[in-house]
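This report looks at the overall fold first and then at the aromatic residues. Please keep the sequence and the structure at hand while reading.

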Amino acid sequence: LIMNQDDISRIIVMAWEDRTPFDAIEIQFGLNEQAVKELMRANLKSSSYQSWRKRVSWRSTKHLAKRRFKIGRHQSHDQNKI
């Protein structure tokens, strides 16, 4: 799979976002979680990669099966109460 720099940049942004699951990256770009990790390792500085791995290791929002919600945006408990 050959990707241009714009695709790689978009994948990195999506991987850093807390609420974008690996499944969404796989659907859009065809890369599973392991492939995303390899792409991140190859394109980030070592310290940035380590920071990202630490950040996403236990984050349930990065895995659709572990989410407490299915689809939709986060809604604050006090949203629309004014």
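In this predicted model, 59% of the contacts in the protein chain between residues at least 6 apart in sequence join residues at least 24 apart. The protein chain has 4 helices and 0 strands, and its elements, read from the N terminus on, follow the order α-α-α-α. Of its 82 residues, 28% count as buried, while the accessible surface of the protein chain comes to about 6300 Å², with 50% of that belonging to carbon and sulfur atoms.

The structure also holds 2 aromatic pairs, which are set out below.

| Pair | Centre to centre | Angle between planes | Geometry |
|---|---|---|---|
| F22 and W52 | 6.3 Å | 85° | edge-to-face |
| Y49 and W52 | 6.0 Å | 40° | tilted |

Because F22 lies in helix 2 (residues 22-29) and W52 in helix 4 (residues 46-56), the edge-to-face pair ties together parts that are 30 residues apart in sequence. F22 has a relative accessibility of 4% and therefore counts as buried, and W52 is likewise buried, with a relative accessible area of 0%. The rings of Y49 and W52 have their planes at 40°, so this pair is tilted. Y49 and W52 are 3 residues apart in helix 4, which means that about one helical turn separates them.

Is Y49 buried or exposed? Y49 is buried, as is W52. Taken together, F22, Y49 and W52 form one aromatic cluster.

Technical notes: Residues are numbered from 1 along each chain as its sequence is written. This is a predicted model: local features need pLDDT of at least 70, side-chain atom pairs count only at pLDDT 80 or more; totals for chains, interfaces and linings use all residues. Side-chain values use heavy atoms; hydrogens and water are left out. Helices (H or I, at least four residues) and strands (E, at least two) are DSSP runs, numbered from the N terminus. Buried means under 20% relative accessible area, exposed over 50%, partly exposed in between (1.4 Å probe, protein chains only). Contact means heavy atoms within 4.5 Å. Accessible areas come from the Shrake-Rupley method with a 1.4 Å probe; for residues, only the protein chains shown count as cover. Rings of Phe, Tyr and Trp (its six-membered ring) pair if their centres lie within 6.5 Å; planes under 30 degrees apart count as stacked, over 60 as edge-to-face and the rest as tilted.
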